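Please look over the sequence and the model before reading on. The paragraphs below turn to open spaces in the structure and then to pairs of charged side chains.

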Amino acid sequence: MSEEIKKVSRHTNQNEGLIFEKSSPGKRAFELPPLDVPEAEPAKVLGAHHRREGIEGFPEVSEIEVVRHFTRLSTWNHAIDLGMYPLGSCTMKYNPRVNEFVARLEGIATEHPYQPQDVSQGCLKILRLLEKCLLEITGMDAITLQPAAGAQGELTGLLLIRAYLQKQGNPRKKVLIPDSAHGTNPATAVIAGYEVENIKSGAQGQVDLDGLRKLVNEDVAALMITNPSTLGIYEQNLPEIAQILHAKGALLYMDGANMNALAGITRPGDLGVDVMHLNLHKTFSTPHGGGGPGAGPVAMRRILEPFRPVPILVEKEGGRLALVPVLPDSIGKVKAFSSNFGVLVRALAYILAYGPGIRRATEDAVLNANYIRKHLEGVYDLPYALPSMHEVVFSDAIQKKNGVNTMDIAKRLIDYGFHPYTTAFPLIVPGALMIEPTESESREECDLFIDAMKSIAEEARTQPEIVK
């Protein structure tokens, strides 16, 4: 490793040994009190076949050695509070502490979904205000907060499309999905009862409009598109794509997981999108990773509103809010209650704290991605030359000449104190390195990351075995 590289140091000890290596015969981490019951012979009471004389090879260590060992190991767990999380497509941004404070307030954290709605007006107002904010950001007409995560939001959106088309007499058979879309999209379409047809991206990573026109017919229910795509590239022809679909009676679904590149700048509803989900645990900065919880609200055009999941939040006389459990054409519930309420509270706190400044957050996220791109172009292969949005996708083509692949580079990056980028995705880029710094990262942190990536590239060129 180059001595000029400022290695990020996060751990108390990066070379913690095994607990077995600390073992010494006779050491104990506990001392049992004298027996306060009659002594018994275990072999007689349990039976000899249940009795062991001891555990061979079990470590013999003191209490302080146990405590220090596992405490040091705990510092190896990565978190956004410890350092940069450049996972592409995951938007692992900082979760402001004000979000946590608000979510823990009495009257928010302590409320129960089964309590009477007359004493839940404060919580219902939170939901109503969040709905209004998200509709303003997306440019849509109606919304449901119910889905618990992005993939469930996708499924909800497709079920809305299916119900709408079924009401017209034909749910149709097929969903089109570009090869640059998120990997959950085809799985969602199949679960919703559709066949999937893949659309190849053009040389610039955009949807081929002429090819799309040939594919869209009366069997196509929808196109599911991720914008910006998993290449980190903005789909420039979205209005034309919407027109092609609408001319044949099909709808446009937009995967909104990458809204960190759009929020406050452009609204999908203004571009012809019919339905989309939002990942509140990404764009709107609520904690995620390790399995959740999340939230995946679905915003839609008015034509899909009658099919929303129940219960529906409505405003009655005098401004009183209520959850109405019946809607004749509803697709039914997709989750119990009103999603993960604490996550919704955190998202609203984030939105209200930023206000119009959400646009600045988006601009900073795009700036950071392009700053990293500019410094690593030529060091790593850049397969698509169109401008990057919130993330940049390189490939390992240069390093592969010396037998080093994207996984090797990612693991080496851990040695430099960084969580790895997303490896080998999107699939249309062989050996992909997918990097998303988000707006959370300072220029200094981006520089440390860039230096580490440059150093690894030099190692791959001169000492590939170190990286491997």
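In what follows, Ala, Val, Leu, Ile, Met, Phe, Trp, Tyr, Cys and Pro count as nonpolar, Asp, Glu, Lys and Arg count as charged, and the others, with Gly among them, count as polar. By that division, the lining of the second largest pocket consists of nine nonpolar, two polar and four charged residues. The model is a predicted one, and every value given here is computed from it.

The second largest pocket itself has a volume of about 310 Å³, and of the 15 residues that line it, the closest to its centre are R28, F30, F58, P59 and E60. The largest pocket, for its part, has a volume of about 580 Å³, and among its 23 lining residues the closest to the centre are H112, P113, F337, S338 and F341. Two helices, α4 (121-138) and α9 (341-354), each supply at least two residues of the lining of the largest pocket, and that lining as a whole divides into 13 nonpolar, seven polar and three charged residues.

Charged residues bring us to the second topic. Side chains of opposite charge can pair when their charged atoms come close. A search of the whole structure finds 26 salt bridges, one of which joins the side chains of E131 and R128 at 2.9 Å, N to O. E131 and R128 are three residues apart in helix α4, so about one helical turn separates them, and both E131 and R128 are buried.

A similar question can be asked of helix α12: how far apart in this helix do D415 and R412 lie? D415 and R412 are three residues apart in helix α12 (residues 406-415), about one turn of the helix, and their side chains meet in a salt bridge of 2.8 Å, N to O. D415 has a relative accessible area of 34% and is therefore partly exposed, whereas R412 counts as buried because its relative accessibility is 11%, with the limit for buried set at under 20%.

R412 also meets a second partner, since the side chains of R412 and E459 form a salt bridge of 3.0 Å, N to O. This pair links distant parts of the chain, with R412 in helix α12 and E459 in helix α13 (residues 443-462), 47 residues apart. E459 counts as buried because its relative accessibility is 3%. Elsewhere, salt bridges that share partners join D141, R302, E305 and R308 into one network.

Definitions and conventions
Residues are numbered from 1 along each chain as its sequence is written. This is a predicted model: local features need pLDDT of at least 70, side-chain atom pairs count only at pLDDT 80 or more; totals for chains, interfaces and linings use all residues. Side-chain values use heavy atoms; hydrogens and water are left out. On a 1 Å grid over the protein atoms alone, a cavity is a set of points where a 1.4 Å probe fits but cannot get out, and a pocket is an open set with protein on both sides within 12 Å along at least five of seven lines; lining residues have an atom within 4 Å of a point. Grid points are joined across faces, edges and corners, and a volume is the space filled by probe spheres set on the points. Helices (H or I, at least four residues) and strands (E, at least two) are DSSP runs, numbered from the N terminus. A salt bridge is a side-chain nitrogen of Lys or Arg within 4 Å of a carboxyl oxygen of Asp or Glu. Buried means under 20% relative accessible area, exposed over 50%, partly exposed in between (1.4 Å probe, protein chains only).
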